[in-house]
Amino acid sequence: MKWRKLLSIRYWSHMMSHSWRYLTASQVSLTDKLLFLVPVLLYWVLPDFMPFIPIDDIGVTLVVMSWFVTRMEKKYPTLTAPPKGGNR
């Protein structure tokens, strides 16, 4: 992954909105949702290398979120397609 992409606000905005879309979509299986939620929640709750400093927690969450969204975009391509028709 390129550094420019990782530092892009547009990229992380895309990741945040799509991760929320996949977590709330009824078409996505519960197992797929738990593949994202369980590791992130465990990392936030369990003791880690830098206690009381959330920077590493946020970093791990963003890495897992990027993996999750990339995986869901491949597995559920119809959820990322723009809606047909438009608001006029």
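Buried, on this tour, means under 20% relative accessible area, and partly exposed covers the range from there up to 50%. Keep that in mind as you click through the model, which is a predicted one.

**Stop 1: the whole chain**

Start with a cartoon of everything. You should find five helices and zero strands, so the chain reads α-α-α-α-α from the N terminus on. Colour by accessibility next: of the 88 residues in the chain, 28% are buried. If you switch on a contact map, look away from the diagonal. Among contacts with a separation of 6 or more, 68% join residues 24 or more positions apart.

**Stop 2: D32 and its partners**

Now select D32, R71 and K75 and show their side chains. How many salt bridges does the structure hold? There are two, and D32 takes part in one with R71 and in another with K75.

Take R71 and D32 to begin with. Their side chains meet at 3.1 Å, N to O. R71 sits in helix α4 (residues 55–75) and D32 in helix α3 (residues 30–45), so this pair ties together parts that are 39 residues apart in sequence.

Move on to K75. The closest N and O atoms of K75 and D32 are 3.0 Å apart. K75 is again a residue of helix α4, and with D32 in helix α3 the pair ties together parts 43 residues apart in sequence. With D32 as a partner in both bridges, D32, R71 and K75 form one network.

Is D32 buried or exposed? Its relative accessibility is 2%, so D32 counts as buried. R71, at 28%, counts as partly exposed, and K75, at 42%, also counts as partly exposed.

**Stop 3: K33, one step along**

Stay in helix α3 and select K33. K33 is buried yet has no salt bridge. Which side chain of opposite charge is nearest to K33? That is D32, but the distance is 9.2 Å. A salt bridge needs the nitrogen and the oxygen within 4 Å, so this pair does not qualify.

What surrounds K33 instead? Show everything within contact range, leaving out neighbours within four places in sequence, and you will see Y22, L23, T24, A25, V28 and F68.

**Stop 4: where α2 passes α4**

Hide the side chains for a moment and select helix α2 (residues 9–24) together with α4. Their axes come within 9 Å and cross at roughly 65 degrees. Rotate until one helix lies in front of the other, and you can check that the crossing is left-handed.

Bring the side chains back for the contact itself. On the α2 side, select Y11, W12, H14, M15, M16, H18, S19, Y22 and L23. On the α4 side, select L62, M65, S66, F68, V69, M72 and E73. Colour the set by residue type: 11 are nonpolar, four polar and one charged.

**Stop 5: S19, inside the contact**

Finish by centring on S19, in helix α2. With a relative accessible area of 6%, S19 is buried. Not counting residues up to four places away in sequence, S19 touches M65, F68 and V69, and those three belong to the α4 side of the contact you have just selected.

One last distance to draw runs from S19 to F36. The two are 17 residues apart in sequence, and their C-alpha atoms are 9.2 Å apart in space.

Note on methods: Residues are numbered from 1 along each chain as its sequence is written. This is a predicted model: local features need pLDDT of at least 70, side-chain atom pairs count only at pLDDT 80 or more; totals for chains, interfaces and linings use all residues. Side-chain values use heavy atoms; hydrogens and water are left out. Helices (H or I, at least four residues) and strands (E, at least two) are DSSP runs, numbered from the N terminus. Buried means under 20% relative accessible area, exposed over 50%, partly exposed in between (1.4 Å probe, protein chains only). Axes are lines fitted to C-alpha atoms, for helices over the stretch in contact, and angles run from 0 to 180 degrees between N-to-C directions. A crossing is left-handed if the near helix is turned anticlockwise from the far one by less than a right angle, and right-handed if clockwise. Contact means heavy atoms within 4.5 Å. Ala, Val, Leu, Ile, Met, Phe, Trp, Tyr, Cys and Pro count as nonpolar, Asp, Glu, Lys and Arg as charged, and the others, Gly among them, as polar. Lys and Arg count as positive and Asp and Glu as negative; His and the chain ends are not counted.
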